[in-house]
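Trainee: Hi! Could you walk me through this one with me asking as we go?
Mentor: Sure, let's have a look together.
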Amino acid sequence: MNPFFQYMHDNSGHLLSLTWGHLIMVISGLGLALIVGIPLGVICARNARLATIILTLANVIQVIPTLALLALLMMFLGLGFKTIVVGLFFYSLLPIIRNTFVGLKEVDSAISEAGKGLGMSYWQLLMKVQLPLSLPFLMAGFRVAAVIAIGVATLAPLFGGDGLGREIYSGLNLRNNLKIYAGAIPAAVLALLADILLGRLQEKLKNGPVRSKPIRTL
Amino acid sequence: MKRMSLAIIVLLLGTLVLSACSNEGNSASGTISIGTQTYSEPKILAEMYKALIEQNTEVNVKIVADLAASPIVIQAMKSNDIQMATLYTGEIFNNHFEVEATKDRNEVLKQAQEGFDKTFDFKWFDPYGFENTYAFTVRKELADQYYLSTVSDLKEYAKTLKLGVDTTWLERDNDGYRAFTKFYDFEFGEKFPMEISLVYQAVADNKVDVVLAYTTDPGIKEFNLQTLTDDKQFFPPYDASPVIKNETLKKYPELNEVINTLVGKIDAETMTSLNYEVDVNKRSPHEVAVQFLKSNGLLK
């Protein structure tokens, strides 16, 4: 058998647990970013001045090199899981905020007016009309964020975290290419899978609940 | 949508709670954590201490491997995520506290011991007995071709040479690249920062011409490289010592004696050969550490 598959097979338990740890970090970071990012995107769509401030701040965070951001976070949060998750959260914020914002802005004002005409409150309009219509945009941002997060999470071991990066660094140190592949390939596969699955979801959202209105893509 | 966000919240809370639980137990229940940088040397030493401490005391040891760099290790000690590590005396030039400029080995050690005690409340033990400093290193053929034996010899050719270094060195203030160019009065043509474990292969494969090696790294021997003498003495001494939080020592005073068992016991040649076993012969740091301790009668 190919030595790579042999290695993967012999260490499957270990590699699976690393993959699982990787996923947990990514999902937690992305989840936090969704919880915080979507409301921020909504605020941006409502208030142009706040939009400039929020988007600039998110941009600034995005510009900080990953290692520096994680090192800074470590000062406050200590080693391990929390630091990585918060780092992933910060990195995922910008695409989510921006795409929620753009998605809401793209909603045809005639539709919003119609909703208002039907007597919908702002909140109803937002939840029942505007957000569902902008979902494909939001999903596009989420997709970008997910792929970035899976990559960034490979740096976790440098700050006491776990995940597939553990195998990559171990391979780097021991100059064992098999180990590097065994960490890097599953990470790449995760990123590809996330991209494909979220891409499908995005298509579905585009064609599904809001078929009545053609939606321009970014 | 609602269900999805609910699921995410539940998952999140779940993982946060789990992680909080797993982080708690460390320092409370007789366990200390030893942090290591990314290369093999501190990992081997951490394995030695794990074996020694667990044989001689009731304390359990956890190893937190692959931390990005020494400032991260120190930060992690400050925040009590780890309690112990191997550090090098040249570390004092990393802007942790005011230091006097000197290259004297004993003076630098003294400043490290006093400075870290006063500033961070760490105990900096006497050195293991080896230094792991930086050395400019080239392929043997290149050294022969250009008659290189000291760093100053590089001056004439530096503009045409490619330099490979670890990622932090270019930015280090006192003993980093900028200070170096002023001190030796020359610059290299191109610079490539990379993970330290990659520099040896890079120079052997002709990808770069000069690399800044760690002197106890077996890559020097493995790839038949030649180190150049730091003739003007730019690099500060980098004697390795075990370092531990005073607070931890107070809690487990028995650690004092255990930690001292390796002080003065490992010279540069020994450390290089232990690193060689791990990096080149691909043995695990644990196995190499235990074998060393057993052959020296330190472990039953």
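Trainee: Which side chains meet A:Arg166 or B:Asp66 in a salt bridge?
Mentor: Those two meet each other: the A:Arg166 and B:Asp66 side chains form a salt bridge, at 3.3 Å from N to O. By salt bridge I mean a side-chain nitrogen of Lys or Arg within 4 Å of a carboxyl oxygen of Asp or Glu. Before we go on, this is a predicted model, where local features need pLDDT of at least 70, side-chain atom pairs count only at pLDDT 80 or more, and totals for chains, interfaces and linings use all residues. Residues are numbered from 1 along each chain as its sequence is written, chains are lettered from A and ligands numbered from 1 in the order in which they are written, and side-chain values use heavy atoms, with hydrogens and water left out.

Trainee: How many salt bridges are there between chain A and chain B?
Mentor: The count between the two chains is one. Over all chains, the count comes to 13. Inside chain A, for instance, A:Lys179 pairs with A:Glu167, with 3.9 Å between the closest N and O atoms. That pair links distant parts of the chain, 12 residues apart: A:Lys179 belongs to helix α9 (residues 177-207) of chain A and A:Glu167 to helix α8 of chain A.

Trainee: What is the secondary structure of chain A?
Mentor: Chain A has nine helices and zero strands. Here helices (H or I, at least four residues) and strands (E, at least two) are DSSP runs, numbered from the N terminus.

Trainee: Back to the two chains. How many residues of each are in contact?
Mentor: On chain A there are 28 residues in contact with 34 residues of chain B, where contact means heavy atoms within 4.5 Å. The chains bury about 2,600 Å² between them, with 67% of it on carbon and sulfur atoms. Of the area that chain A buries against chain B, 29% comes from A:Leu79, A:Asn173 and A:Arg175, more than any other three residues supply. Buried area is the accessible area (1.4 Å probe) that two parts lose on being put together, summed over both.

Trainee: New topic: what domains does chain B have?
Mentor: The assignment gives domain 1 (29-131 + 238-295) and domain 2 (134-227); such bounds come from an automatic or database domain assignment. Taken over C-alpha atoms, the centres of domain 1 and domain 2 of chain B are separated by 27 Å. In chain B, 19 residues of domain 1 are in contact with 16 residues of domain 2. These two domains of chain B bury about 1,300 Å² between them, 52% of it on carbon and sulfur atoms.

Trainee: And how many salt bridges are found across that domain interface?
Mentor: The rule finds zero salt bridges between domain 1 and domain 2 of chain B.

Trainee: What about empty space? How many cavities turn up?
Mentor: A search of the whole structure finds two cavities of 30 Å³ or more. On a 1 Å grid over the protein atoms alone, a cavity is a set of points where a 1.4 Å probe fits but cannot get out, while a pocket is an open set with protein on both sides within 12 Å along at least five of seven lines; lining residues have an atom within 4 Å of a point. Grid points are joined across faces, edges and corners, and a volume is the space filled by probe spheres set on the points.

Trainee: Which residues are closest to the centre of the largest cavity?
Mentor: Of its 15 lining residues, the closest are B:Tyr39, B:Ser40, B:Glu41, B:Asp217 and B:Asp279. The largest cavity holds about 120 Å³ of space. Its lining takes at least three residues from each of domain 1 and domain 2 of chain B.

Trainee: Why does the second largest pocket lie between the domains of chain B?
Mentor: It lies between domain 1 and domain 2 of chain B because both give residues to its lining. That pocket has about 1,100 Å³ of space and is lined by 43 residues, with B:Ala68, B:Ala69, B:Ser70, B:Pro71 and B:Thr168 nearest its centre.
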